[in-house]
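Visitor: Please pick one spot in this model and show it to me up close. Then follow the trail from there to other spots, at a pace that suits a beginner.

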Amino acid sequence: MKKKLLIIFLIPVIFLLLLANIKNTKYHKKILTVTDYLLPEMISSIVRLISNNKINAQRIKNDYNKLFLPKTQYANVGLTKIPLNFIKISEVGYLNIFKRKSFYIDIYKKYLFVMPKNGTFYYKPIDFLLNNDKKFTEVQSNIDGVNALDLFIDENEIYISYVKEVNKCKYLYLAKSKISLKKLVFKDIFNINNECMHNIQAGRIQKIYKNNKSYILLSTSADSLKLEDQNDYKPQSDNSLYGKIIAIDDTDYSSKVYSKGHRNIIGLSAIDNIILATENGPYGGDEINLIKENKNYGWDIASYGKKYKTPDDEGEYKNHKEFGFEEPIFSFIPSLGITEIIKLGNNFDKDWKDNFLIASLNYKHILRIKLNNSYTKMEYHEDIYIGERIRDLKYDSRNLLIIMALEDSGSIGILKKKAN
């Protein structure tokens, strides 16, 4: 029986190995992507090594001074994965070629809240995350079956952004509820229901305080890949709320445009009213931005990236500063598939003080970064390999845990410092 199972397993593996060895064809990269997604990591690595030995050998040799968990440059950090059996496969991203087990996380007092893409809610005491009991408790709510984009908890209130689809048009909503471990009753407090969108991303939520008022910040995305030329007028248009950060008064729910010229912000952090955003670029050009009120960040005119699948002379974007736009703190070429950014508490490790953490999708790393005091320059970064797409990221300062939403496996990932 074991021999039969082994043969059944090896036949498709051998077939994929043969296919992957076909060089210089338009299918080569697609085949390798399929093997990465379908096969165990060790097998898919063998496929890649055989399919293009020279390139992969160069990559191995280019790993000088890289450390892998549990080691980092200055700390030993263990990774634990906790599978979530309630996370369903869902569509994410522009093309949705592969479905992902996507979800969002936040912390309420001593509990970790989890929200899958369908807008259901679960929680578990953080103290028990690392035990063998994988059970989470579901919280009932009046929102279900939606396309959720973010979850944000502030004191005793919970906010979610989500997408409604009506007659093939997509609209962005923001809803709010008082926190309850029994039932959440959401009320829509903001929406953009007058602009028909082909695809909606972003939706990140934060809160700031200005002039004795609290404002909810909500990021909205451009519709960059809808048109063949990849142009989108909305981020620069005062007649559209897309490609912006919107500030919503948390008392009367009036709104205003806080900043404009954004492509797809899926990482947002507001600490003492210092607002940092991580933004997906086009082909290259993922950005870290310091967000200032009434400033323009250039999309879809300026970027350090280029358009997808266009000749060089048609794929160029303009310079930020030359056209009066805000320059990014840092731009990543190649892109990371950059996602959430958080401030790491100074109690995690003495060598990680005043650091931020940034998550990524395709790159499958978190980045530990240090910014200067004016938040205008990245002084250093360390890449820490996780091996899965990381959709969301939080820090539990009470238990000294870095908590990640891993969407390849649909697992909670926990980074915990190991004793020396």
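Guide: Let's begin at Tyr283, which sits in the loop between strand 16 (274–279) and strand 17 (286–291). Keep in mind that this is a predicted model. Is Tyr283 buried or exposed? Its relative accessible area is 57%, and the cut-off for exposed is over 50%, so Tyr283 counts as exposed. Together with Leu225 and Tyr308, Tyr283 makes a nonpolar surface patch of about 310 Å².

Now look at another tyrosine in a loop. Tyr297 is found between strand 18 (295–296) and strand 19 (330–332). With a relative accessible area of 2%, Tyr297 is buried. In sequence, Tyr297 and Gln236 are 61 residues apart, while their C-alpha atoms are 9.3 Å apart in space.

Tyrosines also turn up in ring pairs. The model has 15 aromatic pairs. Take Tyr111 and Tyr123: their ring centres are 5.3 Å apart and the planes meet at 85 degrees, so this pair is edge-to-face. Tyr111 belongs to strand 3 (residues 111–116) and Tyr123 to strand 4 (residues 121–125), so the pair ties together parts that are twelve residues apart in sequence. Both of these tyrosines, Tyr111 and Tyr123, are buried. For another geometry, turn to Phe152 and Tyr159, a tilted pair with 6.1 Å from centre to centre and 40 degrees between the planes. Phe152 and Tyr159 are both buried too. Back at Tyr111 and Tyr123, these two join Tyr108 and Phe113 in one aromatic cluster.

Strands 3 and 4 also belong to an open sheet of five strands, ordered 2-3-4-5-9, with mixed pairing. Its edge strands are strand 2 (103–108) and strand 9 (183–184), each pairing on one side only. Strand 9 pairs with strand 5 (residues 137–141) in the parallel sense, over two bridges. One bridge to look for joins Ser141 to its partner Leu184 in strand 9. In general, strands of a sheet pair through backbone hydrogen bonds, either parallel or antiparallel.

A ring can have a charge over it as well. Lys164 lies over the face of Tyr173, 4.3 Å from the ring centre. Likewise, the charged end of Lys256 sits over the ring of Tyr215, at 5.1 Å from its centre.

Lysines bring us to salt bridges, of which the structure holds 29. In one of them, Asp154 and Lys207 meet at 2.9 Å, N to O. Asp154 is part of strand 6 (residues 147–154) and Lys207 of strand 11 (residues 205–210), so this contact ties together parts that are 53 residues apart in sequence. Asp154 and Lys207 are both buried. They are also linked with Glu157, Lys176, Lys178 and Asp250 in a network of salt bridges.

To finish, look at Lys66 and Asp383, a salt bridge whose closest N and O atoms are 4.0 Å apart. It links distant parts of the chain: Lys66 is in the loop between helix 4 (53–61) and strand 1 (77–83), and Asp383 is in strand 23 (residues 378–385), 317 residues apart. Lys66 counts as partly exposed at 35% relative accessibility, whereas Asp383, with 15%, is buried.

Note on methods:
Residues numbered from 1 in each chain as written. Predicted model: local features only at pLDDT ≥ 70, side-chain atom pairs only at ≥ 80, totals over all residues. Heavy atoms only, no water. Phe/Tyr/Trp six-rings, centres within 6.5 Å; stacked < 30°, edge-to-face > 60°. Helix = DSSP H or I, 4+ residues; strand = E, 2+ residues; numbered from the N terminus. Buried < 20%, exposed > 50% of the residue type's maximum accessible area, 1.4 Å probe, protein only. Lys NZ or Arg CZ within 6 Å of the ring centre and 35° of its normal. Pairing = 2+ DSSP bridges. Patch = residues over 30% accessible without salt bridge, like charges linked within 9 Å, V, L, I, M, F, W, Y side chains within 5 Å. Areas by Shrake-Rupley, 256 points an atom, 1.4 Å probe, with all protein chains shown as cover. Salt bridge = Lys/Arg side-chain N within 4 Å of Asp/Glu carboxyl O.
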